[in-house]
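Student: I have a structure to go through, and I would like to know how its labels are justified. Can we take them one by one?

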Amino acid sequence: MKLGRLNHIGVATPSISESIVFYRDVMGATKIHDPFDLPDQGVKVCFVDTPGGDGALNGTQIELIEPLPGNASIAAFLEKNPAGGQHHVCYEVHDIHAAKAEFEAMGKRVLGEPRIGAHGTLIFFVHPKDMQGVLTEIMEVPSQAH
Ligand code: CO
């Protein structure tokens, strides 16, 4: 595995609309994208951009995640963490299938097959018990983007 850019930090929230107010008014976020549903994964998602250092373009994002009706895993997370909380971290790779094979070769539990994630590219998750307690998302980015 070759560690890539931190693409985003996933934060579960009981209310994306209230979280947007928080990131705008408390944290001073100026680029908050429109929320959208990701029905395949049972979530509503909203990306908040953080600026890059010294005006660089490569800041990262906070991914706000609110469960849609019928979602079990995020709803269970919010039952344990009613105010919401950090849910996962996401790193970029250039070849999602190679990354999956590498994790599996190291005995890490990849949760399901690569599927389209919130950025419209292929993603998978690795079990937190194999990742120092951190639910880890791996996301493919087009090679020419970096
Ligand atoms: Co994510």
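Student: In strand 7, which residue is the bridge partner of Ile116?

Tutor: The partner of Ile116 is Leu122. Keep in mind throughout that this is a predicted model.

Student: What makes strand 6 and strand 7 count as paired?

Tutor: Two strands pair if there are at least two bridges between them. Strand 6 and strand 7 (residues 122–126) are joined by four bridges, so they count as a pair, and they run antiparallel. The two strands form a hairpin with five residues between them. In its turn, Gly120 has a positive phi of about 80°.

Student: How do you know that strand 7 also pairs with strand 8?

Tutor: By the same test: four bridges join strand 7 to strand 8 (residues 136–140), against a requirement of at least two, so this is a pair. These strands run antiparallel. One bridge links Val126 to Thr136 in strand 8.

Student: Why are strand 2 and strand 6 called edge strands?

Tutor: The open sheet has eight strands in the order 2-3-4-1-5-8-7-6, with mixed pairing. Strand 2 (36–38) and strand 6 (110–116) each pair on one side only. On average, neighbouring strands of the sheet are turned by 30° against each other, direction ignored.

Student: What makes strand 7 mostly covered?

Tutor: Four of its five residues are buried, and buried means under 20% relative accessible area.

Student: Why is Gly133 called exposed?

Tutor: The cut-off for exposed is over 50%. Gly133 has 60% relative accessibility, so it counts as exposed. Gly133 lies in the loop between strand 7 and strand 8.

Student: Is Gln132 in that loop buried or exposed?

Tutor: Gln132 has 81% relative accessibility and therefore counts as exposed. It also lies in the loop between strand 7 and strand 8.

Student: What is notable about phi of Gln132?

Tutor: Phi of Gln132 is near 60°, a positive value in a residue other than glycine. Most residues other than glycine have a negative phi.

Student: Now the metal. How do you know which residues are donors of the cobalt ion?

Tutor: A donor is an N, O or S atom within 2.8 Å of this metal. His8 (NE2), Glu63 (OE), His88 (NE2) and Glu137 (OE) lie 2.0 to 2.1 Å from the cobalt ion, so they meet the cut-off.

Student: Why is the arrangement of these four donor atoms called irregular?

Tutor: The angles they subtend run from 86 to 173°. Four donors count as tetrahedral if all angles lie between 85 and 135 degrees. The upper value of 173° falls outside that range, so the tetrahedral label does not apply, and the arrangement is irregular.

Student: Where in the chain do His8 and Glu63 lie?

Tutor: His8 is in strand 1 (residues 6–12) and Glu63 is in strand 4 (residues 61–67), 55 residues apart, so the pair links distant parts of the chain. Both residues are buried.

Student: Which residues make up the largest nonpolar core?

Tutor: The core has 10 residues: Ala12, Leu38, Val43, Val45, Phe47, Ile65, Ile74, Phe77, Leu78 and Ala118. Strand 3 and helix 2 (73–80) each supply at least two of them.

Student: Which residues does Leu78 touch?

Tutor: Leaving out residues up to four places away in sequence, Leu78 touches Ala12, Thr13, Pro14, Pro67 and Gly84. Contact here means heavy atoms within 4.5 Å.

Note on methods: Residues are numbered from 1 along each chain as its sequence is written. This is a predicted model: local features need pLDDT of at least 70, side-chain atom pairs count only at pLDDT 80 or more; totals for chains, interfaces and linings use all residues. Side-chain values use heavy atoms; hydrogens and water are left out. Donors are N, O and S atoms within 2.8 Å of the metal (3.2 Å for Na, K and Ca); water is not among the atoms, so sites may look incomplete. Four donors count as tetrahedral if all angles lie between 85 and 135 degrees; four count as square planar and six as octahedral if opposite donors are over 155 degrees apart and all others between 65 and 115; anything else is irregular. Buried means under 20% relative accessible area, exposed over 50%, partly exposed in between (1.4 Å probe, protein chains only). Axes are lines fitted to C-alpha atoms, for helices over the stretch in contact, and angles run from 0 to 180 degrees between N-to-C directions. A nonpolar core is a set of buried Ala, Val, Leu, Ile, Met, Phe, Trp, Tyr and Cys residues joined through side-chain atoms within 4.5 Å.
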